Amino acid sequence: MIVARNLTKAYGEARVVRDVSLDIPRGGITSIIGPNGAGKSTLLGLLSRLLPATSGSVRVDELDVASAPSDVLARRLSILRQDNHVTARLTVRDLVAFGRFPHSRGRLTEEDRRRIGEAIQYLGLDELADRFLDEMSGGQRQRAFVAMVLCQDTDYVLMDEPLNNLDMRHAAGMMKLIRRIVDDLGKTFVLVLHDINFASIYSDHIVAMRDGAVVKQGPPSEILQSQVLREIFEIDIPVHEIDGRRIGLFYV
Amino acid sequence: MPLLALGVVALVGLAVWSIFVGVSDVSLGSLLESGWTDAPTQILLESRVPRTAALILAGSAMAVSGTILQMLVRNRFAEPSTVGTAEAAKLGFLLVLILVPDAPIPVRLIAAAGFALLVTALFLRILRQLSLQSPLVVPLVGILLGGVINAAATFLAYRFDLMQSLATWSNGDFSMVLRGRYELLWLAFALTALAYAFADRFTVAGLGEDFTTNLGLDYRGVVALGLVIVSIVTAVVIVTVGMIPVLGLVVPNLVSLMLGDNVRRALPWVALLGAGIVLACDIAGRIVNAPYEVPVGTMLGVVASALFLYLLLRKHARLA
């Protein structure tokens, strides 16, 4: 379980995340939704020690994020942020191998190599394993990063907008893949998502943020309600049930 | 790896050639004839071998510095002379020369490397403040910073009548290398080896701060290590043979095109190619206008510009 207590992040006067207390359960997919500037990415940064909190605390199971050694944490929790310009020219296999770094400190064992091979296979990247990242499409590159995180073999995986820049097919493919990893391997994924319908269909738990605070959390059936969505996004979104799934029609 | 072995053989070939090129007659024949005791042997040991060793050590160290900087800055245009490191080291040497004229070499070196470190760290800090992270902005900022420091150095050198020293540091030239006057370069070699030991960390740093932290590594620590290595290497090269420009720019880019940016894989090639190009340029410089010499910096400028143009025109999108 990831437990955040009274988490605040301030840049000068501006408090981007305000006094957030949150329990993210172990197992399953938790999605963080909310309008632009709600503090979703900042919250993810705080949960994963990429950003130091101004005040408050985060615990990942028994580890206090602020004080636990970074390499210990790296075997428990991984984070993928969207970095739009990958400048380094690495092959997929090299990138995935770096997922083992927290375990092997750069000296790969047979066990490491086996896991690297498995991760590449799991993501269907066998054919592309020796291609350079900068010669691949956005969707393929995203899968390579997921393979790396899989290789890192952490209980918790945090992803900031994993569907960014992906077309419909690749976005749905990515969400299915994450669902499969969670169900097969029993991992916990925390995702920042923009599309409420992806959050509705694939997550077990949704956390809604606005103005740096958590305004609502619960299972998708509770969040995908017109009056709740109005509170979060300040627009009227009719919600329909289609094939047993709650879909918000925010296009109209 | 057989390819790498082939590269080493080629380098050894160049080195042997380099040893036997020159004004005075040093050849296997003359060495044997004099029974390894006379003038040819002396020239061989006092001048030729040190010169060749210096070329290899300085060339590989500067190329490796370029690779490290490109990883830390995450930009393909970074190298000691485009981010202010080289200019800062020169200013450091100059200040010591003015303030403590009889300071021993270690003190001078520490001062110059310290200056280089400070300025390169300042450069990274400026980059962090810039929101516009166009790849071209990075070398522009670095060249500006270097220009300002160079202006200060030139002013001081002019005032204190040290223009000649400044010119010596600025232009790579191996014609003055003699035994006893190049050995400091072994320090640069040791640092190059250290960089290889930490190669994986530099690769990770090249993927960004978040990526590095995610893997449980201390990003600031990796950057600090890289900056220390680059600063000392640059200072050592400047004070022993003078600045060798653009090598750190061209060689890492060439190797990256061929092998990618896994530093562990690339670094041996970077070192080999850096040494090879400097050796070849020096040999050419000694031959084209014999018995006079064209300084290696000039030759390198011609060769590296051609290579750089090739890189730009071939893979324009990726470099710029």
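## Terms and model

Helices are DSSP runs (H or I) of at least four residues, numbered from the N terminus. The model described here is predicted. Two features of chain B are presented below: a pocket and a nonpolar surface patch.

## The second largest pocket

The second largest pocket has a volume of about 590 Å³. Its lining consists of 22 residues. Those nearest the centre of the pocket are Thr168(B), Arg181(B), Val239(B), Thr240(B) and Val241(B). Two or more lining residues are given by each of four elements of chain B, namely α4 (85-99), α5 (105-129), α7 (163-170) and α11 (219-240).

Helix α7(B) provides the largest share of this lining, with 4 residues. Sorted by class, the residues that line the second largest pocket are 12 nonpolar, 6 polar and 4 charged.

## The nonpolar surface patch

On the surface, Val8(B), Val12(B), Val16(B), Phe20(B), Leu28(B), Leu32(B) and Trp36(B) make a nonpolar patch of about 650 Å². The elements that contribute two or more residues to the nonpolar patch are α1 (2-19) and α2 (28-33) of chain B. The largest share, 3 residues, comes from α1(B).

One of the patch residues is Val8(B), which is located in helix α1 of chain B. The relative accessible area of Val8(B) is 40%, so this residue is partly exposed. Membership of a patch requires over 30% relative accessible area, and Val8(B), at 40%, therefore meets that cut-off.

How values were computed:
Residues numbered from 1 in each chain as written. Chains lettered and ligands numbered in written order. Predicted model: local features only at pLDDT ≥ 70, side-chain atom pairs only at ≥ 80, totals over all residues. Heavy atoms only, no water. 1 Å grid on protein atoms, 1.4 Å probe; cavity = no way out; pocket = protein on both sides within 12 Å on 5 of 7 lines; lining within 4 Å. Points joined across faces, edges and corners; volume = space filled by probe spheres on them. Nonpolar A, V, L, I, M, F, W, Y, C, P; charged D, E, K, R; others polar. Patch = residues over 30% accessible without salt bridge, like charges linked within 9 Å, V, L, I, M, F, W, Y side chains within 5 Å. Areas by Shrake-Rupley, 256 points an atom, 1.4 Å probe, with all protein chains shown as cover. Salt bridge = Lys/Arg side-chain N within 4 Å of Asp/Glu carboxyl O. Buried < 20%, exposed > 50% of the residue type's maximum accessible area, 1.4 Å probe, protein only.
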